[in-house]
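Here are my notes from going through this one, point by point. Have a look at the model first, then read on.

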Amino acid sequence: MSTVDCIVMGAGVIGGFTAWNLARTGARVALVDPRGAAGAPSASWASAGGLRAQGRNAHEQPLSRIAADLWPGLQDALSADLELSQGGHLHLAETEAEVPAIENRLAADAAGGIATERVDAAQIRDIAPEVTGSALLGAFSPGDGQAHPGRTAQALARACAELGVACHFGAPASLLMEHGKVTGALAGGHALRAPQTVLATGAWTAELVAPLGLALPMRARGLQMLLSDLALPDILAPTVTAVGRNLSLKQLRSGAFMIGGRWFARPTGRGLQTLPLDAHAAAQWAGAAAILPRLSRHKLVHQWAGTEAQSIDGLPFIGRAADGLYLACGFSNHGFQISPAVGALVAEDILTGTAALLAPFTPERAARIAPDEIAAFRDAPILATA
Ligand SMILES: Cc1cc2nc3c(=O)[nH]c(=O)nc-3n(C[C@H](O)[C@H](O)[C@H](O)COP(=O)(O)OP(=O)(O)OC[C@H]3O[C@@H](n4cnc5c(N)ncnc54)[C@H](O)[C@@H]3O)c2cc1C
């Protein structure tokens, strides 16, 4: 049996940043994950890696601003190439009816201190010359960009190990409970004890907390991604999304185009594994080709699906949930950009109890939601998109 100050379960980007921030203060930390850092089918393994501060919920804007300041220094801090680039994020209106959505986003971002600019058709052509000429208006956040989520989680695990974090990877793990209190974790039969255990276990959190009688208003959903063959690099600098489409489109450093956009995948019945649906992939590709016409000259060469924890109100659950238990889960398809800020704030909250910015995400808000509303959310059929 080992005793540490804090156990972090889950070595995706949320658990990784949490463990790293705790360890940097000198705390004794254990990081536990049956799959290791960013193993399939975790969200951090599958993620599109978009760093988008624009268009966030008002409660997430302060976290997004902190994260936007942290991202540029992370490659040095973690001594790793995270494939970080800051080509901006461009959100498009293609019809007059969609223009108010852009105006609303610009107003909300300005109110939250997010630097998003109004760009007209000519400016859109300058920012992304190959994007469809039919775009009328856009919201452009030049500080946004992309990074590689898998590389980020793996770099965090390495940095944690260098700081002396005990990494327990590759074996089944569960919560250790005594007299209704969480006292640690079991990792591969090894008992770990700590006054605080953080569950950064994404879509797996619901099953882990069920023995405590906690019913979180969350559901697991597979999201699918597409990758094209290689194009010349530097054709598309920003990540592009559009008001009227479920689309996120970016070009990777390799030259390949990566296409996401909240398209659901098919559950396989094997744990939380999901598989891309061909019908969804066809619609997903067609939507991207409508925005970037050159895609019709390219081929789809790879597709995959990973599993994300979606919360009922689209906001994560962050905070104490039971004696000895702290939750950081439910990032609802947009947790990567804010993950450095979440990790720093969770560590601060655990050590000092002073992270006021996390108050809107308290797990206690679940108690204010009607049980039939929660049941309907969890049992909703898998449709095309989120
Ligand atoms: C396809 C896709 C595209 C996305 N695109 C974007 C994007 O462009 N921008 C953005 O900001 N966000 C995006 N997201 C969301 C973002 O990737 C996630 O919000 C984020 O990765 C969540 O990280 P996490 O650490 O909470 O969860 P995960 O990465 O899912 O990690 C949870 C970890 O818990 C581990 N675990 C499970 N059971 C146990 C156990 N018993 N004990 C210990 N560990 C356990 C798992 O093995 C896993 O490693 C996307 C998500 C998906 C799926």
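1. Let me start in the middle, with Trp 20. At a relative accessible area of 5%, Trp 20 is buried (buried is under 20% relative accessible area, exposed over 50%, partly exposed in between, with a 1.4 Å probe and protein chains only). Phe 17 is buried too, at 1%. Both sit in helix H1, three residues apart, which puts about one helical turn between them. Helices here are DSSP runs of H or I with at least four residues, strands are E runs of at least two, and the numbering goes from the N terminus.

2. Ground rules before you read on. This is a predicted model, where local features need pLDDT of at least 70 and side-chain atom pairs count only at pLDDT 80 or more, while totals for chains, interfaces and linings use all residues. Residues are numbered from 1 along each chain as its sequence is written, and side-chain values use heavy atoms, with hydrogens and water left out.

3. Now the rings. The count comes to three aromatic pairs, taking rings of Phe, Tyr and Trp (its six-membered ring) with centres within 6.5 Å; planes under 30 degrees apart are called stacked, over 60 edge-to-face, and the rest tilted. Phe 17 and Trp 20 have ring centres 6.3 Å apart and planes at 65°, so that pair is edge-to-face.

4. What about Phe 17 and Trp 20 beyond their own pair? Ring pairs link them with Trp 71 and Phe 336 into a cluster. Trp 71 and Phe 336 are both buried. Their ring centres are 5.0 Å apart with planes at 55°, so this pair is tilted. Trp 71 belongs to helix H3 (residues 61–78), whereas Phe 336 is in the loop between strand E22 (325–329) and helix H9 (339–352), so the pair ties together parts 265 residues apart in sequence.

5. Staying with H3, look at Ser 64, which lies in that helix. Ser 64 is buried, with a relative accessible area of 0%. Its side chain makes a polar contact of 2.6 Å with the side chain of Gln 337. A polar contact is a pair of N or O atoms within 3.5 Å; within protein, one must be able to donate a hydrogen and the other to accept it, and residues adjacent in sequence count only if both atoms are side-chain atoms.

6. Another buried hydroxyl residue to check is Thr 205, at 0% relative accessibility. Thr 205 is in helix H7 (residues 205–209). A 2.9 Å polar contact joins its side chain to that of Thr 201.

7. On to the ligand. Which residues come nearest? Of the 34 residues around the ligand, Asp 33, Arg 35, Ser 44, Gly 50 and Glu 308 do, where "near" asks for a heavy atom within 4 Å. The shell divides into 16 nonpolar, 15 polar and three charged residues. For that split, Ala, Val, Leu, Ile, Met, Phe, Trp, Tyr, Cys and Pro are nonpolar, Asp, Glu, Lys and Arg are charged, and the others, Gly among them, are polar.

8. Backbone atoms are worth a look for the ligand's polar groups. Ligand oxygen atoms are 2.8 Å from a polar backbone atom of Gly 50 and 3.1 Å from one of Ile 14. A ligand nitrogen is 3.3 Å from a polar backbone atom of Asn 333. Taken alone the ligand exposes 1000 Å², and the protein buries 95% of that (Shrake-Rupley areas with a 1.4 Å probe; for residues, only the protein chains shown count as cover).

9. Where does the shell come from? Helix H1 (13–24), strand E3 (29–33), helix H2 (43–46), strand E14 (218–228) and strand E20 (300–311) each supply at least two residues. H2 gives the most, with three. Domain 1 (2–50 + 149–217 + 312–370) and domain 2 (87–142 + 219–311) each contribute at least three residues to the shell; the domain bounds come from an automatic or database assignment.

10. Finally, some backbone geometry to check. Most residues other than glycine have a negative phi, and most peptide bonds are trans. Asn 333, from the ligand point above, has a positive phi of about 75° although it is not a glycine. Asn 333 is in the loop between E22 and H9 and counts as partly exposed at 24% relative accessibility. Asp 234 also has a positive phi, about 65°, and is exposed at 77%. The peptide bond joining Ala 40 and Pro 41 is cis, with omega about 0°; Pro 41 is in the loop between E3 and H2.
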